[in-house]
Amino acid sequence: MSVEPIRILVVDDEPLIRAGLRLILEGAPDISIVGEAGDGEAALRLAAEHRPDVVLMDIRMPVLNGIAATERITGSLRPPRIIVLTSFDTDDFILDALRAGASGFLLKDTAPADLVSAVRDAAQDNLRFSPKILRRIVAAAASAPGPAQLPEDRLKELSNRERAVAEAVARGLTNTEISAELFVSVATVKTHVANAFTKLDVTNRVQLAVAVLESGPPRPGTRLEVRHHLA
């Protein structure tokens, strides 16, 4: 039985960037590019028309920027996973994009093989952070001003096991890895993750990770582990 390809929408205001992404992704037999957009408004139209599985979203674009477009797309029914494309050294919007519903980040100089693997991971809701990006998220969360901070007592709504699972998510662990670390079934991990989503009013694992990081330093005995994306 054939498997349906992963449907991709590429969004970037630079035609050369879009052409490069298309060249890389079209070489993968399980990936199909269903559209390209040069700004956020066009991305909204094409996302509604083509119903992609994954959107590669630039941040800085004319008409409507990538953060605003991400927020509107993720607010739709059965939204795609959105991976933000960033040059990283010049973009200071990581937390804003995560709060808008982005599922992860790719640097624009990502190796082709890693780009393809990241798209496959996104389609399976199984993202990991690169070391650079995780460090940037931790630093940005720690320095976020007042209203952006999540009060520590918000995490107290979680049970001890839910919090342990949430902190493992913030370290970049997959459900299978959390299952092995905490000696519980993968189904139990999924239940705890879902409960944490509800209690913290977040919609994906990256937003859950940011909520944990914004709550303050990890509890004694908990470490934030920088893991290689697609290692």
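By contact I mean heavy atoms within 4.5 Å. Keep that in mind for the first helix I want to show. One caution: this is a predicted model.

Helix α3, residues 66-74, lies across two strands, β3 (54-58) and β4. Against β3, the helix runs at about 155 degrees.

Now the sheet those strands belong to. The sheet is open and has 5 strands. Read across, the order is β2-β1-β3-β4-β5, and the pairing is parallel. Which strands stand at the edges? They are β2, residues 31-37, and β5, residues 104-107. Each has a single partner strand, so one side of each is left without a neighbour in the sheet. On average, neighbouring strands are turned by 25 degrees against each other, direction ignored.

Look at the β5 edge. Strand β4, residues 81-86, runs parallel to β5, and 4 bridges join the two. Take T86: its bridge partner in β5 is L107.

On to the cores. Nonpolar side chains tend to be buried together in soluble globular proteins. Here the largest nonpolar core has 21 residues. Those with the most contacts inside that core are L158, V165, I178, V189, V193, L200 and L208. Which helices each supply at least two residues? Four do: α8 (160-170), α9 (175-182), α10 (186-200) and α11 (205-214).

Zoom in on L200. Leaving out residues up to four places away in sequence, L200 touches R154, L155, L158, L208 and A211.

Apart from this core lies another, of 18 residues. Among them are L56, L85, L106 and A118.

That's the tour.

Methods
Residues are numbered from 1 along each chain as its sequence is written. This is a predicted model: local features need pLDDT of at least 70, side-chain atom pairs count only at pLDDT 80 or more; totals for chains, interfaces and linings use all residues. Side-chain values use heavy atoms; hydrogens and water are left out. A nonpolar core is a set of buried Ala, Val, Leu, Ile, Met, Phe, Trp, Tyr and Cys residues joined through side-chain atoms within 4.5 Å. Buried means under 20% relative accessible area, exposed over 50%, partly exposed in between (1.4 Å probe, protein chains only). Two strands pair if DSSP finds at least two bridges between them. Axes are lines fitted to C-alpha atoms, for helices over the stretch in contact, and angles run from 0 to 180 degrees between N-to-C directions.
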